[in-house]
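Open the model in your viewer and keep the selection tool at hand. Each stop below tells you what to pick and what is there.

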Amino acid sequence: MFDLSNKVALVTGSSSGIGRASAIALANQGAKVVVGARRMEKLEALAAEIKSRGKEALAVQMDVTKRSEVDAAVAKTINEFGRLDILLNNAGVAEFAAFFDMTEAQWDKTIDTNLKGYFFVAQAAAREMAKNKWGRIINISSIASAGVGVGFPQIAQYCASKGGVIGLTEALADELAPMGILVNAIGPGVIETEMTEGMLKDPKQAAGLLARAPLKRAGTAEEIAAAVVYFASDEASYTTGTTLYVDGGWLAT
């Protein structure tokens, strides 16, 4: 199951956390993986690690808010591997700011990275996927998104961006289905990453974050990567336009 041999995957925001774990998981299932982010040193180390396991990988520097860098990364992917089959839209930022103190620059930075960046990369990738009538676009959203009863103070821009990701996912699923491209989202709960490291190290903050989750722990990047592998596979051939929440039961309470 979940055999990704002969598939080519592009993973954004893959220098750490969910992106890094997902790149490794996709490679382990046989995919050729292109790892993209702004921190080239970390990307090259990740690509070397994947290659050391006998898999194929390519590191490309890309800022998803810049269409020229997105287009260049996709072009390098095609030049190296000849096709693009799987996209994991994962690059993201989160900055805390009280609503009344939030600046336009803080709002724009988050929306540009977490939402507009997803649009840029999905558009460029889907053009290549359509040529082969097969594709998988997987967008990382969050439990801090629209319609699920979870809102967090001081990150209004983040919540708005992640709700937008779900809307984008559903719209693209409808529009790209005739081209053989499936589009789904994953909504992680509290996951151990660079973004949450400071909060999880603080006992009081950690207890507050995890109190609602029945499993009473943070998830791991590898647990999100497992969902990524499913959505990337042929086994997900009848799943599109959906959001899978991997949240330790948070939304069940």
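Select helix 2 and whatever packs over it. Among the elements covering its buried residues are helix 1 (17–28), strand 2 (32–37) and strand 3 (57–61). Helices (H or I, at least four residues) and strands (E, at least two) are DSSP runs, numbered from the N terminus. This is a predicted model, in which local features need pLDDT of at least 70 and side-chain atom pairs count only at pLDDT 80 or more, while totals for chains, interfaces and linings use all residues. Residues are numbered from 1 along each chain as its sequence is written, and side-chain values use heavy atoms, with hydrogens and water left out.

**Stop 1: helix 2**

Which residues of helix 2 are buried? Show Leu43, Leu46, Ala47 and Ile50 as sticks: these are the buried residues of helix 2. Buried means under 20% relative accessible area, exposed over 50%, and partly exposed in between (1.4 Å probe, protein chains only). Look down the axis of helix 2: its buried residues fall within an arc of 100 degrees, so they line one face. The arc is that of the directions from the helix axis to the C-beta atoms. An α-helix has 3.6 residues a turn, so residues three or four places apart point the same way.

Turn to the face of helix 2 directed away from the buried side. Glu41 and Ser52 are the exposed residues there. Now check the length. Helix 2 has 13 residues (40–52), so at 1.5 Å a residue it should span 18 Å, and its end C-alpha atoms are indeed 18 Å apart. The expected span is 1.5 Å times one less than the number of residues. Step on to Gly54, just after helix 2, which has a positive phi of about 85 degrees.

**Stop 2: Ser14**

Select Ser14, in the loop between strand 1 (8–12) and helix 1. Its relative accessible area is 0%, so Ser14 is buried. Leaving out residues up to four places away in sequence, Ser14 touches Gly19, Arg20, Val35, Gly36, Ala37, Leu43 and Leu46. Contact means heavy atoms within 4.5 Å.

**Stop 3: before strand 1**

Pick Phe2, in the segment before strand 1. Phe2 is not a glycine, yet has a positive phi of about 60 degrees. Its relative accessible area is 25%, so Phe2 is partly exposed. Asn6 lies in the segment before strand 1. Phi of Asn6 is near 70 degrees, again positive in a residue other than glycine. Asn6 has 62% relative accessibility, so it counts as exposed.

**Stop 4: the cores**

Which residues have the most contacts inside the largest nonpolar core? Select Leu26 and Ile137: they have the most contacts in this core of 65 residues. A nonpolar core is a set of buried Ala, Val, Leu, Ile, Met, Phe, Trp, Tyr and Cys residues joined through side-chain atoms within 4.5 Å. Zoom in on Ile137. Neighbours within four places in sequence aside, Ile137 is in contact with Leu87, Ala122, Ala126, Met129, Leu176, Ile181, Leu182, Val183 and Asn184. Apart from the largest core lies another, of nine residues, including Ile143, Val190, Leu210 and Ala218.

**Stop 5: helix 7**

Select helix 7 (203–210). Ala206, Leu209 and Leu210 are buried in helix 7. Down the axis of helix 7, the buried residues fall within an arc of 85 degrees, so they line one face. Lys204 and Gly208 are exposed on the other side of helix 7.

**Stop 6: Ala144**

Move to Ala144, in the loop between strand 5 (135–140) and helix 5. Its relative accessible area is 1%, so Ala144 is buried. Residues up to four places away in sequence aside, Ala144 touches Val150, Phe152, Tyr158, Cys159 and Lys162. Draw a distance between the C-alpha atoms of Ala144 and Lys162: they are 6.8 Å apart, with the residues 18 places apart along the chain.

**Stop 7: the largest pocket**

Display the pocket surface. The largest pocket holds about 1,100 Å³ of space. Of its 45 lining residues, Gly92, Ala94, Tyr158, Thr193 and Met195 are the closest to its centre. On a 1 Å grid over the protein atoms alone, a pocket is an open set of points where a 1.4 Å probe fits, with protein on both sides within 12 Å along at least five of seven lines; lining residues have an atom within 4 Å of a point. Grid points are joined across faces, edges and corners, and the volume is the space filled by probe spheres set on the points. Finish by colouring helix 1, which gives the largest share of the lining, three residues.
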